[in-house]
Amino acid sequence: MSDIQTLVDMGFPKEKAERALQVTNNKGVEAAMEWLLAHADEDIPSASGESTSSAEQQPPAEGSASSDAAPAATTEETAAVAKSLKCDECGKLFKSQDEVEFHAAKTQHSSFSESTEEKKPLTEEEKKAQLALLEEKMKRKRQEREDNEKKEAQERERLRIKSGKDMLEAKRKLEEQEMKKVMEQRRREKMEEKAARDRVKAQIEADKAARRAKQAGESPLAAAPAPVVTTPTEPNKPATPKTYTNARIQVRMLDGSTLVETFDAKEQLAAVRLFVQLKLGDGSAPFGLMTSFPRKVFGGDDYDNSLEMLGLVPSAVLIVTKAP
């Protein structure tokens with residue numbers, strides 16, 4: 001709010017407020033207010049040079065022709081000259097039209113008339129009382145402004161803290177979800193690795209039992225591949241591809257022996273290599289795996305792929321080779 005508007009809100013006419021700020025070199029509301037109270041009884045000239053209040057008519061000088069001609073008429077006219085403006089609704093006197101307009105805008109009073117009653121100047125006590133009242137009003141407005149600024153600052157700080165907490169909570173939930181995903185992936189990998197090891201150990205135990213039975217003179221039954229039964233399909237209906245969940249792998253060792261094991265179709269080729277390694281023992285030399293037809297020697301990246309992806313489902317023959 002500007003200094004002029006502040007003075008107008010306090011009850012001073014706008015032209016007087018502008019004049020007071022100009023005289024005090026725009027040093028602030030308090031300096032202008034003190035000047036206005038000190039010159040409350042004076043007529044403040046406007047920008048056009050005219051007085052803001054209705055100046056009293058000066059009586060003609062003694063000895064003039066008009067005063068000598070009609071002294072009684074001059075006395076009556078002087079007595080009838082309006083010295084102020086009066087509000088008919090509240091009886092308050094005003095010295096200028098600006099004061100009347102301000103009073104009308106502030107109180108919504110609309111009935112005014114000229115009055116021969118002169119507005120009495122303020123006494124020193126009244127000036128001090130009005131100054132104290134204006135200072136108190138300024139103090140209240142300043143306090144209200146400071147309170148509003150404090151409330152706005154507190155609201156901004158509350159919103160900032162709430163936004164920070166929301167961001168931290170969202171970050172924490174995201175980290176928890178990522179951690180759950182990692183733990184679940186590790187758990188599945190451990191379960192798959194354990195299942196593969198259990199199958200390999202079970203096969204080793206079965207092979208040991210077969211060798212012991214052979215040494216004891218018994219004839220163990222050789223596992224034969226199950227026959228594949230084909231059913232004719234309708235001529236106009238395309239055959240639905242069958243999905244296999246297991247892979248029957250036959251491994252030909254370096255010494256000519258053969259190992260047969262069934263793996264899950266989703267298991268990696270590394271599970272087959274682990275199976276062969278356990279069969280050969282801990283002191284075995286490095287080896288590789290390949291297929292005869294079509295010929296393909298598996299490399300390092302192939303061992304991370306599943307048997308299904310490598311085309312070893314539902315059954316395949318792998319040959320153990322010496323590592324180069």
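These legends accompany close-up views of a predicted model.

**View 1. The largest nonpolar core brings together helices and strands.** This core counts 24 residues, and those with the most contacts inside it are Ile249, Leu269, Val272, Leu289 and Leu312. Two or more residues come from each of helix 7 (124-215), strand 4 (246-252), strand 5 (258-264), helix 8 (269-280), strand 6 (287-291) and strand 8 (315-322). If you want one element to start from, try helix 8, which gives the most to this core, with five residues.

**View 2. Arg172 and Glu169 form a salt bridge along helix 7.** Their side chains meet at 2.4 Å, N to O. The two residues are about one helical turn from each other because they sit three residues apart in helix 7. Arg172 has a relative accessible area of 36%, so it counts as partly exposed. Glu169 is at 33% relative accessibility and is likewise partly exposed. Keep Glu176 in the frame too, as Glu169, Arg172 and Glu176 are linked in a network of salt bridges.

**View 3. Glu184 pairs with Arg187 in a salt bridge.** Here the closest N and O atoms are 2.5 Å apart. Both residues belong to helix 7, with a spacing of three residues, about one turn of the helix. Glu184 is partly exposed at a relative accessible area of 31%, and Arg187 is partly exposed at 42%.

**View 4. Asp198 and Lys194 are joined by a salt bridge.** The N to O distance between their side chains is 3.1 Å. Four residues, about one turn of the helix, separate Asp198 and Lys194 within helix 7. Asp198 is partly exposed, with 37% relative accessible area, whereas Lys194 counts as exposed because its value of 53% is over the 50% cut-off. For context, a search of the whole structure finds 13 salt bridges.

**View 5. A positive patch lies on the surface.** Its members are Lys92, Lys106, Arg140 and Lys141. Lys106 makes a handy landmark: look for this residue in helix 6 (residues 97-107). Its relative accessibility of 52% is why Lys106 counts as exposed.

**View 6. A negative patch also lies on the surface.** Glu144, Glu146, Asp147, Glu149 and Glu152 form this patch. To find your bearings, pick out Glu146, which lies in helix 7. With a relative accessibility of 41%, Glu146 counts as partly exposed.

How values were computed. Residues numbered from 1 in each chain as written. Predicted model: local features only at pLDDT ≥ 70, side-chain atom pairs only at ≥ 80, totals over all residues. Heavy atoms only, no water. Patch = residues over 30% accessible without salt bridge, like charges linked within 9 Å, V, L, I, M, F, W, Y side chains within 5 Å. Areas by Shrake-Rupley, 256 points an atom, 1.4 Å probe, with all protein chains shown as cover. Salt bridge = Lys/Arg side-chain N within 4 Å of Asp/Glu carboxyl O. Lys, Arg positive; Asp, Glu negative; His and termini not counted. Charge placed at Lys NZ, Arg CZ, Asp CG, Glu CD. Buried < 20%, exposed > 50% of the residue type's maximum accessible area, 1.4 Å probe, protein only. Core = buried A, V, L, I, M, F, W, Y, C linked by side-chain atoms within 4.5 Å.
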